[in-house]
Amino acid sequence: TAKRAEQVIVDLETNERDDLLKRLDREGILLDLTSRLSHERNADLRKEAVEFLSALDLSRFKQTISEALQDQASEVRLAAIEALGQLEDPALQQAVAALAQDPVEEVRNAVKRRKLRTVK
C-alpha cells in the first residue's frame, strides 16, 4: 500500500529513489498510477495513487496530483490537498484555495490548514 511504500521511500537516497522511479516507469507502474486517477472507480485506490505518487516524487507529479483536486470523492481531494500542501507553488496554492467553498467540511478545513501553513 501507499503508506508502507511511503515509509520505505523516505529512507531512500536520491540515487536510489531515481533508480526506483526509472524502474517503475519502465515497468509501466507510473503510467498505471497516473491513469488510475482519472479512470479508477474505487476512490480508495485513487487516493492511494495520489499518496504513492506524492511519496515517489511530488514535484514530478504535481500536475497530475493537482487534477485530483477536482475528484468526486472528498478523500481523494483531501489527499491531493495534503500532498500539494508541501509545495510553495503559487498556481497550486490558488488551485487548493479554490476548494475553500467545497461542500465537504473536511475539505474546507484542510484548505484552511493549508492556508495557515503558508502564512507562517
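This tour moves from the whole chain to one pair of helices, with something to select at each stop.

**The whole chain.** Begin with everything displayed, and keep in mind that this is a predicted model. Colour by secondary structure, and you should find seven helices and zero strands, so that a walk from the N terminus reads α-α-α-α-α-α-α. If you then show the C-alpha trace, its extent along the principal axes is about 40 × 35 × 25 Å. The radius of gyration of the chain is 14 Å, which agrees with the value near 14 Å that a compact globule of 120 residues would have.

**Surface and interior.** Switch on the surface next: the accessible area of the chain comes to about 7500 Å², and 47% of it belongs to carbon and sulfur atoms. Of the 120 residues, 38% count as buried. Among the contacts in the chain with a separation of 6 or more, 56% are accounted for by residues 24 or more positions apart.

**Helices H2 and H4.** Now select residues 14-26, which form helix H2, together with residues 43-67, which form helix H4; the two pack at an angle of about 95 degrees, with their axes 12 Å apart. Because angles of 65 to 115 degrees count as roughly perpendicular, H2 is described as roughly perpendicular to H4.

Which residues make the contact? On the H2 side, show Arg17, Leu20, Leu21, Leu24 and Asp25, and on the H4 side add Phe52, Ala55, Leu56, Asp57, Arg60 and Phe61. Colouring these side chains by residue type should divide the contact of H2 with H4 into seven nonpolar, no polar and four charged residues.

Methods
Residues are numbered from 1 along each chain as its sequence is written. This is a predicted model: local features need pLDDT of at least 70, side-chain atom pairs count only at pLDDT 80 or more; totals for chains, interfaces and linings use all residues. Side-chain values use heavy atoms; hydrogens and water are left out. Axes are lines fitted to C-alpha atoms, for helices over the stretch in contact, and angles run from 0 to 180 degrees between N-to-C directions. Helices (H or I, at least four residues) and strands (E, at least two) are DSSP runs, numbered from the N terminus. Angles under 35 degrees count as roughly parallel, over 145 as roughly antiparallel, 65 to 115 as roughly perpendicular and the rest as oblique. Contact means heavy atoms within 4.5 Å. Ala, Val, Leu, Ile, Met, Phe, Trp, Tyr, Cys and Pro count as nonpolar, Asp, Glu, Lys and Arg as charged, and the others, Gly among them, as polar. The radius of gyration is taken over C-alpha atoms; the globule rule is 2.2 Å times the number of residues to the power 0.38. Buried means under 20% relative accessible area, exposed over 50%, partly exposed in between (1.4 Å probe, protein chains only). Accessible areas come from the Shrake-Rupley method with a 1.4 Å probe; for residues, only the protein chains shown count as cover.
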